[in-house]
Amino acid sequence: MLDIKQLRQAPDWAKTKLAARGVKPEEIDEVLALDEDRRAAIVKTEELKAQRNAVSGEIAQKKRNKENADEQIAAMRAVGQEISALDQQLATIEAKVQYILVRLPNFPADDVPMSMKEEDAREEYQWGTPRVFDFTPKAHFELGEALGILDFERAAKVSGSRFVYYKGAGARLERAVYNFFLDEHAKEGYTEVMTPYLVNADSMFGTGQFPKFTEDVYTITNEGEPLTLIPTAEVPLVNYYRGEIMDADKLPVSFTALSPAFRSEAGSAGRDTRGLIRMHQFNKVEMVKFCKPEDSWTELKRLVHDAEDLLQKLNLPYHVITLAAGDASFTSAKTNDLEVWLPAQDRYREISSCSNCTDFQARRAQIRYRDENGKPQLVHTLNGSGLAVGRAVAAILENYQNADGSVTIPNVLVPYMGGQTVITAEA
C-alpha cells in the first residue's frame, strides 16, 4: 500500500509514476481531496474536544460554588452531538480513503520502462545459445503424451481443462526438478519452509492479492471463515512475519518453499490451452526476502542470480528482461523476468519473475524492524520464482528431446532420477 504522505507531498510526481500503471490522475485528486477533508475533520474534532474539556472544568467549578450551570451544560450537549457527527463523518471519509489507497499499485522504480505495453519490456541480456535441431522439435505436451509421462486427457475428465497427471518418469522428473531447486537454494542460505496451502483474507490482503484480485483465486469456506488456496507460496511466506517487528540484526531473511499454486487464470481464455505453461494447479519453488530498505536493490540482483543459477546448471538458454511498469505485478516496484527458450514455440517464455516490492507489502502487512534509534521502520520485501516447476519440465522436454522422441536427462538431475539418463516410451 502506498504512503498517503508521498501522494500529499508530491502529487504531480505520483500522477506521472502511476499513469504508467493505468491509474488516472483523477484517482489521485480524489484521494487527496478526501485526505484534506479528513485532516480538516480531525482538526475541528480536536478543537471541539478541547473546548468541551475546558467548559467541563467550568461546569464543575460552578457546581462546587452552588452556581447555575444549565447554560454551559446545554452548550456542551450540543458540542457533544457535533463531535459525534464529526466522528461519523471522519469514519466515512477514512473508509473512502482506504478504499482507494488499497487499490493503487506500487510506484515503479526510476529505471523501469514507463509504459503500459508488454512489448516495451527491456531485454537486459541473454544466456546460452538455443540449440539447432536437425529435425523438427516437438512441443513438450506432444513429447510427454507420446512418452506416456503426461496425461492431459484423463486430468480433464477428472478435473477439467488446464490440469495434468504426471506419470512414471514424468512424475519423477517433476520431483527431481523441485528437489534440485530446493537443494540449490539451501546452498545459497535460504531457509526451506513448508507452508500452509490455505490462507485467510488478511494474508491475501497483506501481499496485495486482495481486495483487487479476488477473481483470480479459489476460495472455500471453512466453518464460516473464507480461506483461499494460495496462488503462490509468496503469500504464506511474506505473511509469516505479518504484524511483527523483526530482529534487525538477522536481516536479510531469505525463505524458500515448494508449494502448489492455484490460479483461476481469469481472463486467459484461449491462451496456452495445451501443455504445462498456463495451468490451474502447478508446483512452484518460491524465494522470498525481507531486508532493510537500503539493501533491497542489491537483494533483487541476488534473487535474479539465484534463479539464473538454476537455469545455467540445467543448461537451458534464457534471457532476462525488465518489465514495463504497466506489465509488472500490482505490488512490484521493479520486476526482472527470466524467460526460458522453448524450441517448439521458437521463443522465450517466462519461468521466473523476480520483484522488489519495496515497502508496499510491508505497509499492508505491518512488517517492521527497529532502526539504530529503536524506531520501528518498514522492511522491504522481495519475491521470485525459483523456479516454476512445470515450465522447467516443459523446457527440459523441449530442449533435451531427441529425434526418436526420447528425452535426455540434464546431467545435474541424473542423481535425482536414480541414475536414469534418458526417458523413453519403454522406461
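Guide: Helices and strands are DSSP runs, helices of at least four residues and strands of at least two, numbered from the N terminus. The model itself is predicted.

Visitor: Which helices and strands each supply at least two residues of the lining of the second largest pocket?

Guide: Four elements do so: helices α6 (152-158) and α7 (169-187), and strands β3 (165-166) and β10 (281-291). The space in this pocket comes to about 280 Å³. It is lined by 16 residues, and V164, Y165, Y166, Q281 and F282 are the closest to its centre.

Visitor: How do the residues of that lining divide into nonpolar, polar and charged?

Guide: The lining of the second largest pocket has 10 nonpolar residues, four polar and two charged.

Visitor: Now the sheets. Through what do the strands of a sheet pair?

Guide: Pairing is through backbone hydrogen bonds, and the sense is either parallel or antiparallel. One open sheet here has three strands in the order β5-β7-β6, paired antiparallel. Because β5 (198-199) and β6 (218-222) are at the edges with a single partner strand each, one side of each has no neighbour in the sheet.

Visitor: How many bridges join β6 to β7?

Guide: There are five, and the two strands run antiparallel. One residue pair to look for is N222 with its bridge partner E225 in β7. The hairpin of β6 and β7 has two residues between the strands, and E223 there takes a positive phi near 50 degrees. On the β5 side, β7 (residues 225-229) pairs over two bridges, also in the antiparallel sense. There V199 has T228 of β7 as its bridge partner.

Visitor: What is the order of the eight strands in the other open sheet?

Guide: The order is β1-β11-β12-β13-β16-β10-β9-β4, with mixed pairing. Its edge strands, β1 (122-127) and β4 (191-192), pair on one side only. Within this sheet, β13 (residues 347-356) and β16 (residues 380-388) are antiparallel and share three bridges. N356 has L382 as its bridge partner in β16.

Visitor: Next, aromatic rings. How many aromatic pairs does the structure hold?

Guide: It holds 13. The angle between the planes sets the class: under 30 degrees is stacked, over 60 is edge-to-face. Y241 and F255, 6.0 Å centre to centre with 10 degrees between the planes, are stacked. Y241 is in the loop between α9 (234-238) and β8 (245-246), while F255 is in strand β9 (residues 253-262), so this pair ties together parts 14 residues apart in sequence. Both Y241 and F255 are buried. F330 and F360 are edge-to-face instead, with 80 degrees between the planes and 5.5 Å centre to centre. That pair links parts of the chain 30 residues apart, F330 being in the loop between β11 (318-322) and β12 (334-342) and F360 in helix α11 (residues 360-365).

Visitor: Are F330 and F360 buried or exposed?

Guide: Both F330 and F360 are buried.

Visitor: Which residues form one aromatic cluster with Y241?

Guide: Y240, F255 and F290 do.

Visitor: Last, charges over rings. What lies over the face of Y99?

Guide: R103 does, 3.6 Å from the ring centre. Another case is R364, whose charged end sits over the ring of F205 at 4.2 Å from its centre.

Conventions. Residues are numbered from 1 along each chain as its sequence is written. This is a predicted model: local features need pLDDT of at least 70, side-chain atom pairs count only at pLDDT 80 or more; totals for chains, interfaces and linings use all residues. Side-chain values use heavy atoms; hydrogens and water are left out. On a 1 Å grid over the protein atoms alone, a cavity is a set of points where a 1.4 Å probe fits but cannot get out, and a pocket is an open set with protein on both sides within 12 Å along at least five of seven lines; lining residues have an atom within 4 Å of a point. Grid points are joined across faces, edges and corners, and a volume is the space filled by probe spheres set on the points. Ala, Val, Leu, Ile, Met, Phe, Trp, Tyr, Cys and Pro count as nonpolar, Asp, Glu, Lys and Arg as charged, and the others, Gly among them, as polar. Two strands pair if DSSP finds at least two bridges between them. Rings of Phe, Tyr and Trp (its six-membered ring) pair if their centres lie within 6.5 Å; planes under 30 degrees apart count as stacked, over 60 as edge-to-face and the rest as tilted. Buried means under 20% relative accessible area, exposed over 50%, partly exposed in between (1.4 Å probe, protein chains only). A charge sits over a ring if NZ of Lys or CZ of Arg is within 6 Å of the ring centre and within 35 degrees of the ring normal.
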